[in-house]
Amino acid sequence: MQPFEGQIAAVTGAGSGIGAATARKLSRLGARVVLLDIDGESANRVAADCDRAIVRKLDITDAAAVSAAFREIADEAGGLHMLVNNAGGGAGAKLLDLNEAHWRRLVALNLDGAFHCLSAAAPLIAAQEKGGAIVNVASLAARHVSPLGGAGYSAAKAGVVALSRQAAFELAGSRVRVNTVLPGPVRTALTEGSVRLDIQFPLGRWVEAEDVAEAICFLLGPGAAMCTGAELVVDGGVSLRL
Ligand SMILES: NC(=O)c1ccc[n+]([C@@H]2O[C@H](COP(=O)([O-])OP(=O)(O)OC[C@H]3O[C@@H](n4cnc5c(N)ncnc54)[C@H](O)[C@@H]3O)[C@@H](O)[C@H]2O)c1
């Protein structure tokens, strides 16, 4: 029997990169996957690789839409066991180039969006007899100056790390585990053209979306049954030099 057989997993930003790789892997491991993305067409393409997938076009910055979508998903799928809070991104800008509107957009997407999905999903997961698990996707930029960074993105991702830690503590009693992955540079649409290609990875190659998906699925799965509030760096060793 597959580890996620009979379980429902929602993945935000599932149309591309880390979210797409995670949705495909969760499906291979037996979960029924709910793909959420502002780009519905991309999510539909990924859903074609997943068994009995559900797709919802969703902007995670819209609190009311997120709340309604999670209620509908739980009704349609018959509950929710896991959330991968992954949608995010945005180009970095230097502090003195960052205007109010750009700051608001970065915080809305990377921190408010994570909060909206976490708070909509947590009660549904807590309602399961055996609870479930949430993985929030932050970034190495939460800890270190990063080529993807910039003050707004880094500050928002540091907020995600703090939000995860607090949520892990508050939800432990409901048997909802909350963990965080902190990817370094990963080869996805987000980094294409925006990140130096000559980064030296101590482990000898670029980190791929599938590498991050592996770490996410470990934290969601039975092997991490006693992990909550953990912060797992997936960076091919890049931060060892920082
Ligand atoms: N790629 C990297 O190097 C890297 C490094 C550290 C952290 N991360 C984080 O990993 C996560 C995934 O990044 P990726 O590299 O796979 O990016 P990506 O650009 O390949 O995919 C992001 C997906 O999120 C969707 N999305 C964007 N805005 C949305 C919104 N408002 N509502 C719903 N969906 C939305 C996009 O349509 C896209 O499908 C992000 O949170 C990113 O910050 C990525």
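This section describes the ligand site of a predicted model and then a series of loop residues outside the regular secondary structure elements.

The ligand occupies the largest pocket of the protein. Its shell comprises 30 residues, and the closest of these are Ser16, Asp37, Asn86, Tyr153 and Thr188. By residue class, the shell divides into 15 nonpolar, 11 polar and four charged members. Two helices, α1 (residues 17–28) and α5 (residues 151–171), each supply at least two residues of this shell.

Polar contacts to the ligand involve both side-chain and backbone atoms of the protein. At Ser16, one of the closest residues, a polar side-chain atom lies 2.6 Å from an oxygen atom of the ligand. A polar backbone atom of Val186 is placed 2.7 Å from a ligand oxygen atom. At Ile60, a polar backbone atom is found 3.0 Å from a nitrogen atom of the ligand. The ligand taken alone exposes 830 Å², of which the protein buries 91%.

The loop between β1 (residues 8–12) and α1 contains Gly13. This glycine counts as buried because its relative accessibility is 13%, which is under the 20% limit for that class. The C-alpha atoms of Gly13 and Ile38 are 7.4 Å apart, although 25 residues separate the two in sequence.

Two of the residues examined belong to the loop between α2 (residues 40–47) and β3 (residues 54–57), namely Ala48 and Arg52. Ala48 has a relative accessible area of 64% and is therefore classed as exposed, the threshold for this class being over 50%. From Ala48 to Gly17 the C-alpha distance is 16 Å, with a sequence separation of 31 residues. Arg52 is likewise classed as exposed, because its relative accessibility amounts to 52%. The backbone of Arg52 adopts a positive phi of about 55°, although this residue is not a glycine.

Ser139 is located in the loop that connects β5 (residues 132–137) with α5. With a relative accessible area of 4%, Ser139 is buried. The side chain of Ser139 makes a polar contact with the backbone nitrogen of Ala141, at a distance of 2.9 Å.

The loop between α5 and β6 (residues 176–183) holds Ala172 and Arg175. Ala172 counts as partly exposed because its relative accessibility of 39% falls between the limits of 20% and 50%. Ala172 and Ser16 are separated by 156 residues in sequence and by 31 Å between their C-alpha atoms. Ser16 is the residue whose side chain approaches a ligand oxygen atom to 2.6 Å. Arg175 counts as exposed, with a relative accessibility of 52%. Phi of Arg175 is near 60°, a positive value in a residue other than glycine. A positive phi outside glycine is thus found at Arg52 and at Arg175.

Further along the chain, Ser194 is part of the loop between β7 (residues 186–187) and β8 (residues 207–208). Strand β7 begins at residue 186, and Val186 provides the backbone atom that lies 2.7 Å from a ligand oxygen atom. Ser194 is classed as partly exposed because its relative accessibility is 43%. Between Ser194 and Gly92 the C-alpha distance is 9.3 Å, while their separation in sequence is 102 residues.

Note on methods: Residues numbered from 1 in each chain as written. Predicted model: local features only at pLDDT ≥ 70, side-chain atom pairs only at ≥ 80, totals over all residues. Heavy atoms only, no water. Near = heavy atom within 4 Å. Polar contact = N/O pair within 3.5 Å; in protein donor to acceptor, adjacent residues only side chain to side chain. Areas by Shrake-Rupley, 256 points an atom, 1.4 Å probe, with all protein chains shown as cover. 1 Å grid on protein atoms, 1.4 Å probe; cavity = no way out; pocket = protein on both sides within 12 Å on 5 of 7 lines; lining within 4 Å. Sits in = over half its atoms within 2 Å of the grid points. Helix = DSSP H or I, 4+ residues; strand = E, 2+ residues; numbered from the N terminus. Nonpolar A, V, L, I, M, F, W, Y, C, P; charged D, E, K, R; others polar. Buried < 20%, exposed > 50% of the residue type's maximum accessible area, 1.4 Å probe, protein only.
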